[in-house]
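Dear colleague,

Please find the structure below, together with its sequence. My notes on the findings follow, and I would be grateful if you read them with the model open.

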Amino acid sequence: MNKERRKEIARAAAMIDEAKGILETCRDEEQEYYDNMPESFQDGEKGSTAQEAIDALEEAVSSLEDITANISDFTA
């Protein structure tokens with residue numbers, strides 16, 4: 001792989017890392033929202049919706065971590 005392609009892959013990896021950070025922040029804020037809900041809301045529709053969002057954001061973060069790991073050999 002040539003230097004230019006490695007540079008572009010490194011740029012993409014940085015963008016992925018930035019996106020991961022944004023998603024982690026959103027996940028953490030949603031978790032805090034859920035944790036601060038009254039228990040009756042946590043057990044209801046609002047709590048269920050918040051938990052689904054937390055789970056989806058966690059899955060997205062994990063997927064981006066996998067992508068970063070897969071391309072790390074090309075950014076060295």
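Glu58 is partly exposed, with a relative accessible area of 37%. This value, like the others in this message, comes from a predicted model. The side chain of Glu58 meets that of Arg27 in a salt bridge, with 2.6 Å from N to O. Arg27 belongs to helix 1 and Glu58 to helix 3, so this salt bridge links distant parts of the chain, 31 residues apart. Arg27 has a relative accessible area of 16% and therefore counts as buried, since the cut-off for that class is under 20%.

As general background, side chains of opposite charge can pair when their charged atoms come close. How many salt bridges does a search of the whole structure find? The search finds five.

Three of the residues concerned deserve to be read together: Lys20, Glu24 and Glu65 are linked in a network of salt bridges. Within this network, Glu24 forms a salt bridge with Lys20, and their closest N and O atoms are 3.4 Å apart. Both residues lie in helix 1, which covers residues 3-35, and they are four residues apart there, which means a separation of about one helical turn. The general rule behind this is that an α-helix has 3.6 residues a turn, so residues three or four places apart point the same way.

Lys20 also meets Glu65 in a salt bridge, at 3.9 Å from N to O. Glu65 lies in helix 3 (residues 45-71) while Lys20 lies in helix 1, so this pair ties together parts that are 45 residues apart in sequence.

Are the members of the network buried or exposed, or in between? Lys20 is buried, at a relative accessible area of 16%. Glu24 is partly exposed, at 22%, and Glu65 is likewise partly exposed, with 39% relative accessibility.

Helix 3 holds both Glu58 and Glu65. The helix has 27 residues and reaches 39 Å from its first C-alpha to its last, close to the 39 Å expected at 1.5 Å a residue. Its buried residues are Gly47, Ala50, Ile54, Leu57, Val61, Leu64 and Ile71. What do the buried residues of helix 3 pack against? They pack against helix 1 and helix 2, the latter covering residues 39-42.

In short, helix 3 is joined to helix 1 by the salt bridge between Arg27 and Glu58 and by the one between Lys20 and Glu65, and its buried residues pack against helix 1 as well.

With kind regards

Terms used: Residues are numbered from 1 along each chain as its sequence is written. This is a predicted model: local features need pLDDT of at least 70, side-chain atom pairs count only at pLDDT 80 or more; totals for chains, interfaces and linings use all residues. Side-chain values use heavy atoms; hydrogens and water are left out. A salt bridge is a side-chain nitrogen of Lys or Arg within 4 Å of a carboxyl oxygen of Asp or Glu. Helices (H or I, at least four residues) and strands (E, at least two) are DSSP runs, numbered from the N terminus. Buried means under 20% relative accessible area, exposed over 50%, partly exposed in between (1.4 Å probe, protein chains only). The expected span of a helix is 1.5 Å times one less than its number of residues. Contact means heavy atoms within 4.5 Å.
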